[in-house]
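Welcome! Take a moment to look over the structure below, and then let us walk through it together.

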Amino acid sequence: MDQARTTISKIFNGEPRSYTRFNLTQNMEGDNSHVEMKLSSDMDDEVEANGVGENKNQHNRPYYPSKMNQRSPKTVCGFVIAILFLFIIGYLIGYLSNRSTDKTEIKPDCPVFSEIAPVKADAVYSLDWSDLRALLKKKLTTNNINSNFKEFSSASHQAGSTGDEALANKIIGKFKTFGMSTWTDEQYVKIHEPGSSNNRVLFRGNVVGTTEGYLAYSAVKEVQGAALYAHYGRAEDFRRLQELNVDVNGKVVLVRAGLLSFAEKVANAASLNASAVLIYPDPVNYSIRENTALFGHVHLGTGDPYTPAFPSFNHTQFPPAQSSGLPNIPAQTITIRQATEIMSKLEGRSSPNGWSDGMLSGTMYNLGGDNDIITVEVKNNLIQKKIHNVFGVIKGYMDADRYMVIGAQRDAWGAGFAKSTVGTSLMVELARTITDMIRNDGFKPKRSIIFASWSAGEFGSVGATEWLEGYLSSLNLKMFSYISLDEIISGSESFKATASPLLYDLLESTMKQVSSPDATKSLHEQFAGSNWEKSVMEPMGLSHSAYPFQAFSGIPSLSFRFISSKSYPYGTVEDTEQTLDRYTSYSTLKIAKTAGEVVGLVTLRLVHDHLLKMNVAKYTSVIRNYVSQIRSKVESRQMSGRLPSTLTMQWLLSAQGSYDRAASALLSAIRNSDLEDMEQCRIINNRIMRVEGSLLSPYVSPRQSLFRHILLGSGPHTLAALVDHLEAIKGGLESADIDQFKNQFALATWTIQGCANALAGEVWDMDNEI
């Protein structure tokens, strides 16, 4: 009706038209929006205030009176009919408008502002930090963890098996019991299994024992060559052999398990044209029976190697492909007994100092002679299996679209108690504890927490990597952290961790707040010492299940473990609860509770605080250290004439400085910001979340180099590869290519600069600093 009256008034009075501008600003929760109304006169004032006066007289045109009295009766009747028609239309519009707004509650005291005001979201009240710590410690109990151990223990749960599926159903049932939203992710992956006839190893024409273990993704073939002992198969071990003028070409290399992954050992040997690799567990490292078989994989990467960089969904339409990390030589594990039989009979020259400390006690090891012929037959079968990843989510109360993930491997070759049961049990117990705190104690996490149970972890984090590949384009924009629970307990003698530098400070503060398993000291006091980073932190590598999240997806990740001085028998049938109790001096449950508190406190900090507890300045020293090494080596090569003087360090130093300034500016912005302003906190958190993802080289295809992180990844695009390339240039090696180095140097520089730009904020704040 009001609209109809207004229309009639305008027709008769001839007033100039005015309009209303609406500005709808929605708050963080999506309710209680502010509506701002401005009349045309307000708009004129805004325009004049901004110095724009060209249209000022637009609404002050001459007024012309109505000339209806000059119209004929027929014309008047026409006007009356038109007015009635407009009246009916206006009435209908008003009626329909009222009906459409009946469903929306409009509060009568909704404020109307003449100027735009900053919007503050209503605070989500939650428990303070001391209350949260106390609740976590109280609710996370050894009795519940032990109950989970019993429920999730399984003698047979290999990837894609009925045992694996049964465990997945148990886990998703638990999540539903806790009131969590659940879903599954289905993948069809290719994995290796032993053939119908066992793989074989022959020494001087005779079969050496029974070969029960195997290495997935080995080349399937039969080869023959002279034996060569190469210690642990590290790059430095092979360099030592080359210094002794020992040729690796065509040899069957014998190496000890330990210190680095099976895949890296095989890759090192293959790069020197070895014909095959045999890996054995030496008693100096392992306390296992002499006939215990060893299982593993040799894919120098993670995920399904036959769908590199894209997910293994059913009927995926891609051309046949395979990962560049697949070895082209056969690799096989042998037992202590088999290795002893071979090593005790090797001829040739003596091994270097320090290589004879293993199973042949008191005997000098020989490297092997031309008559020590070994035949390796690998007959593994490549099959496709359907696997399931299982998820449950606790949604945040404010930033539900920002989430962290806590994950654990579910499958194992044997019982896999330490490999998978402990991590799965802790994950379920943490989900129960946090949901209980929300339901009964008033805890309201600001951000979401996803709990994930991965399958096919034994084959190189296959389930987790395939999930990452399926959602890669959005994960590092939404997911702000990953915590791995795999292999979290294998002893009690020391505490080791690997993480993104962004999480170092959070881990250190957490260690100070958690008591050691014997409750006499804090974890920091017991294990950290005066230099906690040197005592606790270790480089993140391919053997860590958090590695694909960190180096492939650019998500700040953390994993840690309680370990023993002896290597734990992962990948063997001896990975049982009884074995783990022996390695932990029968303190497995106490250590599990301590580990759960560490994960729980890190998680609560990341979802409770307004700002993400990540220190972007930590990467400053990492970048500076690499730049310092590169600068020193570049200047040295230029002085020796091996690099042209036109190659300048200016831009790399500038990129390093840009990151330093951006990190400092962000810390300053945090100090000077109103941290009760939720929108401001979200903007700052977005800048923090950009850092890790921006350190993935945009110039490298994940098909060729899966781990694109220039600081923590692997491949020619990394800063570590630049340092190695400079060493190759110094030695005049065939791998040295100055033009290639200059190209890699430039791309690495711009990756660092791009990260600095992302951290600095929006483009309009940078003032052409590039």
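How many bridges join E16 to E18, and do these strands run parallel or antiparallel? E16 and E18 run parallel, and three bridges join them. One pair of bridge partners here is Ser-484 with Ser-559, the latter lying in E18. Please keep in mind as you read on that this is a predicted model.

**The chain as a whole**

Before following E18 any further, it helps to step back. The chain has 770 residues, and buried residues make up 51% of them. Its secondary structure comes to 23 helices and 18 strands. If you take the contacts between residues at least 6 apart in sequence, 79% of them join residues at least 24 apart. The surface that the chain exposes is about 35,600 Å², and carbon and sulfur atoms supply 50% of that area.

**The sheet that holds E18**

E18 belongs to an open sheet of seven strands, arranged in the order E3-E13-E15-E14-E16-E18-E17, with mixed pairing. Which strands stand at the edges? They are strand E3 (181-193) and strand E17 (494-499); each has a single partner strand, so one side of each is left without a neighbour in the sheet. On average, neighbouring strands of this sheet are turned by 20° against each other, direction ignored.

You can see the mixed pairing around E18 itself. With E16 the strand runs parallel, whereas E17 and E18 run antiparallel and are joined by six bridges. Along that antiparallel pair, Phe-495 stands opposite Phe-562 in E18. Elsewhere in the sheet, strand E13 (residues 381-394) and strand E15 (residues 447-454) also run antiparallel, joined by five bridges. There, Ile-394 stands opposite Ile-449 in E15.

Two helices pack on this sheet. Helix H18 (residues 588-608) touches strand E14 (399-409), E15, strand E16 (479-484) and strand E18 (557-563), and its direction makes about 165° with that of E18. Helix H21 (residues 678-694) touches E14, E15 and E16, and its direction makes about 40° with that of E14. As for E18, the strand is mostly covered: six of its seven residues are buried.

A general point may help when you look along any of these strands. In a regular strand, side chains alternate between the two faces of the sheet.

**A second sheet**

There is another open sheet of seven strands, again with mixed pairing, in the order E5-E4-E12-E7-E8-E9-E11. Its edge strands are strand E5 (206-207) and strand E11 (331-333), each of which pairs on one side only. Further in, strand E7 (residues 222-229) pairs with strand E12 (residues 373-377) in the antiparallel sense, over five bridges. Within this pairing, Gly-225 has Ile-374 of E12 as its bridge partner.

**A few residues to find**

Now for some single residues. Where does His-524 lie? His-524 is in helix H14 (residues 523-528). Leaving aside its neighbours within four places in sequence, His-524 is in contact with Glu-508, Met-511, Lys-512, Gly-529 and Trp-532. With a relative accessible area of 13%, His-524 falls under the 20% cut-off and so counts as buried.

Two loop residues have a backbone feature to look for. Ala-309 is not a glycine, yet its phi is positive, at about 75°. You will find Ala-309 in the loop between strand E10 (296-297) and E11. Ser-585, also not a glycine, has a positive phi of about 55°, and its place is in the loop between helix H17 (577-583) and H18.

How many disulfides does the structure hold? The count is zero. Two of the cysteines, Cys-681 and Cys-755, appear in the table with the other residues named here.

| Residue | Relative accessible area | Class |
|---|---|---|
| His-524 | 13% | buried |
| Cys-681 | 2% | buried |
| Cys-755 | 1% | buried |
| Ala-309 | 19% | buried |
| Ser-585 | 52% | exposed |

Ala-309 and Ser-585 are worth reading against the cut-offs. At 19%, Ala-309 is buried because that class takes in values under 20%. Ser-585, at 52%, is exposed because that class takes in values over 50%.

Notes:
Residues are numbered from 1 along each chain as its sequence is written. This is a predicted model: local features need pLDDT of at least 70, side-chain atom pairs count only at pLDDT 80 or more; totals for chains, interfaces and linings use all residues. Side-chain values use heavy atoms; hydrogens and water are left out. Helices (H or I, at least four residues) and strands (E, at least two) are DSSP runs, numbered from the N terminus. Buried means under 20% relative accessible area, exposed over 50%, partly exposed in between (1.4 Å probe, protein chains only). Contact means heavy atoms within 4.5 Å. A disulfide is a pair of cysteine sulfur atoms within 2.5 Å. Accessible areas come from the Shrake-Rupley method with a 1.4 Å probe; for residues, only the protein chains shown count as cover. Two strands pair if DSSP finds at least two bridges between them. Axes are lines fitted to C-alpha atoms, for helices over the stretch in contact, and angles run from 0 to 180 degrees between N-to-C directions.
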